[in-house]
Amino acid sequence: MSQWKQIQQLEIRLLEHVDYLYDDNFPMDIRQGLASWLEAQDWDTAANDESMAATLFSSLLSQLERVRSQEQNFLQRHNMKIIHQQLQMKYASNPAVMARVISTCLREERRILSSACMQEQGPLEKSLQNSVALERQKNMDNRVGLIRGSVQLMDQAVKYIEDMQDDFDFRYKTLQSRESSDRNSEMMKQEVTRLQEILNRLDFKRKEILSKMDIVVKEIDDLVSSQLNPELQDWKRRQQIAAIGGPLLTGLDQLQGWFTVTAQSLFQIKRQLDKLGELVVKVTYESDPIPQQKPQLEERVKYLIYHLIKSSFVVEKQPCMPTHPQKPLIIKTGVQFTTKVRLLVKLPEVDYQLKVKTTFDKDLPPGRVSRQFFILTNNTKVMDIEDYSNGCLSVEFRHLQLKEKKYINGTKGTEGLLSVTEELHSLSFEACFTVQGLTIDLETCSLPLVVISNVSQLPGGWASVMWYNLLTDEPKNLAFFGNPPRASWSQLSEVLSWQFSTFAGRGLNKEQLSMLGEKLFGQHASCTDFQVSWSKFSKENIPGKPFSFWMWLDSILELIKKHLLPVWNEDYIMGFVSKEMERTLLKDRDSGTFLLRFSESHLGGITFTWVERGDNGDVKFNSVEPYTKNRLSALPFADIIRDYKVISDGVVPENPLKFLYPDIPKDEAFGRLYNSQPSKVHPYIPSTLIPISELRSNSVTTPTSCQSPEPPMTPGEFDMLSEQLCFDIDTMSSPYSE
């Protein structure tokens, strides 16, 4: 079943996440109309290959035109035409951007599907869902709505006071213009009495409106401190978790709505107070409440506006290199990276353009000895209003680049006890503007960054990013790795599963996570409550191996992503089973039953082991030398399974692999993954690479190791080897024949 068909069968809650992925950058009409074609292309590679991206862009436009020509619905044909034109305008000059957009959408779809397939959510995802419970959101909507309604009613009350005061002012001036001889008349006395009544009523209404304002301002203050700021912190925490592979980040538009309505209510109250101040100039009296209460109220309103807008300045997209969109917060010197900041408040017109300046490592801890960097490219841009953001201001820095500072003696700064990938840095954003007489200084910062100078440091950098964002919600604890906290296995295993979901399309099940836990803690450890140190996870070598646990796991992720994705997504790779468990699983199975597991001794290697039963009932286990990226670049893994041959003691070469564990016939499992396309080169006879091993007799150890040549043999090489073995293939029988 195609990925898109699986998506359409999801429950409504998850479909809402899918809907969030698609906009004008990549309309869902294209995803629907070109579903199979889109899923068959390598968008990840195209995102970093301009030539390939241009080819795919041209093909996409052709495919879209084909679909449009076949569409019967006139309106749909019209929509397709508009989309075709928009894509040309948007991506013709930079098709790699389109490839990145599509790659991200397909990857997030896989992540959503993976989360739907998991039998049980991990503790992190559960806590995130609880923190954004629908009931709490409804409560926020209600409170914000009530505040807006109360402020609008106060607008009417201020207008009523203004009309009443105008009436009083007119009557008072009329009375003053009368002749002094008329002032003792009965009519004049009645008018004076009427004026006193109006003044008393005016005094009552002024006190009433000030009291209501005080109540609403207190309500806004409580809303901001008890709910709005916690919601913002919750979103920032979810942004951290999403950055390391967790659930798709949503909720910013909702936050923006709450911030904007709250700010608009405060601005409206400020205008009401300004209006009351104007009324005092015209009419005032002894014990007038406005001069007494207005200054204090005005200061509170200004304070709330100032801090609300300051807190609404957020990093919408954390710094990320376009070449590694799935690993944000790692920056390589000399490579461009992007980031985006946004103001969650729709402002009245500001008095000048709002410029945002970026600064690197502004907040380094005092006395810290560190490498130092500066931003090589333009670090100042003007915020602009984006249509999709409902009038809010944002700015995206797309071409930032870092360069390391050199010292007078030509050396770089010392790194102390921390490695390059444990040394954290920050990117700050600053702006200043004036709105309605208020000068507001804006400042926010990215999550801590890891700066690398070589791509080989990327795995270590990503380990640091994961560890930090898993274990702290502090936005800039740059000294974190001076004494990094431990992680519980329940936390860490969930994040590791997310890595497979993000990079390989399918997360890890309970059995696979349990196997990983045994790898980390030992076979007899109860993984549930175990605490993992940073050193054990990323720095210490696995006993008897020249690499750490994370380096081993990261190499497997890379192998899956580049060479094993179809087989992995079919759930055919058992993965992390130990050699001992492997024997236990295979010993009672039919001869030729095999399973696939990742090598424990090689970085980025996969092997298969099959069981072989002798005539006397003896059980023998054979494991092939692990296939690494070099071998898998020459031949797809499914084809290796199909064509694999063994030469043993002069016996006719034959494929010993019959059943994928537990009992699935090999061709039934892998048949649709075989590369059976005929050669397009004529008039040559098609050639095929044949993976072949020589099984050496070994009566001492099991499982037996089968060494296979690298790369696999061509048919010609196989014939030459057969001649050198000096046996008659036509007359010999094979022990593998049935």
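**View A. Thr444 and its contacts in the predicted model.** In this predicted model, Thr444 touches Phe313, Val314, Val315, Val341, Leu427, Ser428 and Phe429, leaving out residues up to four places away in sequence. Thr444 sits in strand β12, which covers residues 438–445. Its relative accessible area is 12%. The cut-off for buried is under 20%, so Thr444 is buried. A polar atom of the Thr444 side chain lies 3.4 Å from the backbone oxygen of Phe313. Phe313 is also on the contact list of Thr444.

**View B. Strand β3 is covered on both faces.** Strand β3 spans residues 337–343. Of its 7 residues, 7 are buried. One side carries Phe337, Thr339, Val341 and Leu343. The other side carries Thr338, Lys340 and Arg342. Both sets are buried. Val341 of this strand is among the residues that Thr444 touches.

**View C. Strand β3 pairs with β1 and with β8.** Strands of a sheet pair through backbone hydrogen bonds, in a parallel or an antiparallel sense. Strand β1 (residues 313–320) runs antiparallel to β3, and 5 bridges link the two. Here Lys317 has Lys340 of β3 as its bridge partner. Strand β8 (residues 393–400) is also joined to β3 by 5 bridges, again antiparallel. In this pairing, Phe337 stands opposite Leu400 of β8. Both Lys340 and Phe337 are buried, on opposite sides of β3.

**View D. An open sheet of 3 strands.** The strand order is β2-β13-β10, and the pairing is mixed. The edges are β2 (330–332) and β10 (424–425). Each edge strand has a single partner, so one side of each lacks a neighbour in the sheet. Strand β10 pairs with β13 (residues 449–452) in the antiparallel sense, over 2 bridges. Leu424 faces Val450 of β13 across this pairing.

**View E. Arg597, a buried arginine in strand β16.** Strand β16 covers residues 593–598 and contains Arg597. Is Arg597 buried or exposed? Its relative accessibility is 3%, so Arg597 counts as buried. The Arg597 side chain makes a polar contact of 2.5 Å with the side chain of Glu582. Neighbours within four places in sequence aside, Arg597 is in contact with Gly575, Val577, Lys579, Glu582, Ile606, Thr607, Thr609 and Ser623. Glu582 thus appears both as a contact and as the side-chain polar partner of Arg597.

Note on methods. Residues numbered from 1 in each chain as written. Predicted model: local features only at pLDDT ≥ 70, side-chain atom pairs only at ≥ 80, totals over all residues. Heavy atoms only, no water. Buried < 20%, exposed > 50% of the residue type's maximum accessible area, 1.4 Å probe, protein only. Helix = DSSP H or I, 4+ residues; strand = E, 2+ residues; numbered from the N terminus. Pairing = 2+ DSSP bridges. Polar contact = N/O pair within 3.5 Å; in protein donor to acceptor, adjacent residues only side chain to side chain. Contact = heavy atoms within 4.5 Å.
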